[in-house]
Amino acid sequence: MANNNKIVNQLRALVLLTKTEEQVARTRISQARTDAVRRELTQNADNAAARTIEITEALRSLGGVPDVVTPALGRLSATLKATFEQAAPVEEALLSDLSLEHQLLDRATYVKVLAEQAEETQVRRLAAKLIGAHQATVEWLTVVLAEEALGGPAALVATPVQKVAGGVARAVNAPVRFWTSTVNNAVDTVKHAGEETSDRVSAVTDRAAQLTDAVRETLTAGRSASLRRAEQIARREGNKDAAKAARSAREELGDVSADELPIKNFDQLSVGDAVEAIKGLKESHDIRVITRYEETHKSRANVVSAAQTQLASLAKEAVGVDA
């Protein structure tokens, strides 16, 4: 009976956590990059709801009474989680999801051992089923995190707030930061140039003034023109880091010309040919460039899905997950 009491307590905890898992999956649906991921998250949420029912039935079979507060607590927990994680980068939200899945997996494993000792066959089978489900979800989240680590595009898209929190907005602000940094460097040079000649100080000051004018010029132009202008000037000035930052910002916005794409004549390819070409991409950067460009210009669902699948393949390889 002591073991059964432990099982009952764990099943109650699993009901709460599984309800939270369901609600989290449903909040993630709006962040899905592709229809395939959207369907997968919807299925995950539905499966979690079904598991909640199974756990509740097992709880009743052991004489435990599921409290009516638990489902509400699960929904509240998920709502609070979704609210607070908006202030953190998307990877922190995913790590939080992964932590939840690990707890579900660990508790299910514990219940399985308890059920074996108590000779509760039905509960043991349920626990084994839960273990399989959570192992699969842990693997999926691990791959999604690896996609994000590789530079994306990950299966889940950050919300606007998470983009800011995660620093993705720096891509849009790259020209401003580039100019600001250059101006600051010029000012610092003036500040620390006490032993330099007055001509040198004057030259640096003039340069800073020119750059300040350039800031105004850049900001009054369109975003695309700003980025291209920043990249051109950075290359002219020999600032490779700034040029790379501006280029990355353009790529993030899908603002690249067809001849800059890693796939030749990509604009002229049919959906089928584009999908086949994407399968040959081996660098996450190239996949990201193609995805952003496709999403911005044509937004062909099958092409975006193919890019996502190819990135997932690279991510699985990176974390040692079988494809």
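The largest nonpolar core, a set of buried Ala, Val, Leu, Ile, Met, Phe, Trp, Tyr and Cys residues joined through side-chain atoms within 4.5 Å, has 22 residues, and those with the most contacts inside it are I7, L11, L14 and I55. Buried here stands for under 20% relative accessible area, with over 50% called exposed and the range in between partly exposed (1.4 Å probe, protein chains only). At least two residues of this core come from each of α1 (2–29), α2 (35–61), α4 (90–118) and α5 (121–149), and α4 gives the most, with 7 residues. Helices are DSSP runs (H or I, at least four residues), numbered from the N terminus. A second, separate core has 17 residues, including V275, I278, A306 and L314.

This is a predicted model, in which local features need pLDDT of at least 70 and side-chain atom pairs count only at pLDDT 80 or more, while totals for chains, interfaces and linings use all residues. Residues are numbered from 1 along each chain as its sequence is written, and side-chain values use heavy atoms, with hydrogens and water left out.

The count comes to 1 aromatic pair, where rings of Phe, Tyr and Trp (its six-membered ring) pair if their centres lie within 6.5 Å, and planes under 30 degrees apart count as stacked, over 60 as edge-to-face and the rest as tilted. F266 and Y293 form this edge-to-face pair, 6.3 Å centre to centre with 75 degrees between the planes. F266 lies in the loop between α10 (240–252) and α11 (271–278) and Y293 in helix α12 (residues 284–297), so the pair ties together parts 27 residues apart in sequence.

| Residue | Relative accessibility | Class |
|---|---|---|
| F266 | 1% | buried |
| Y293 | 4% | buried |
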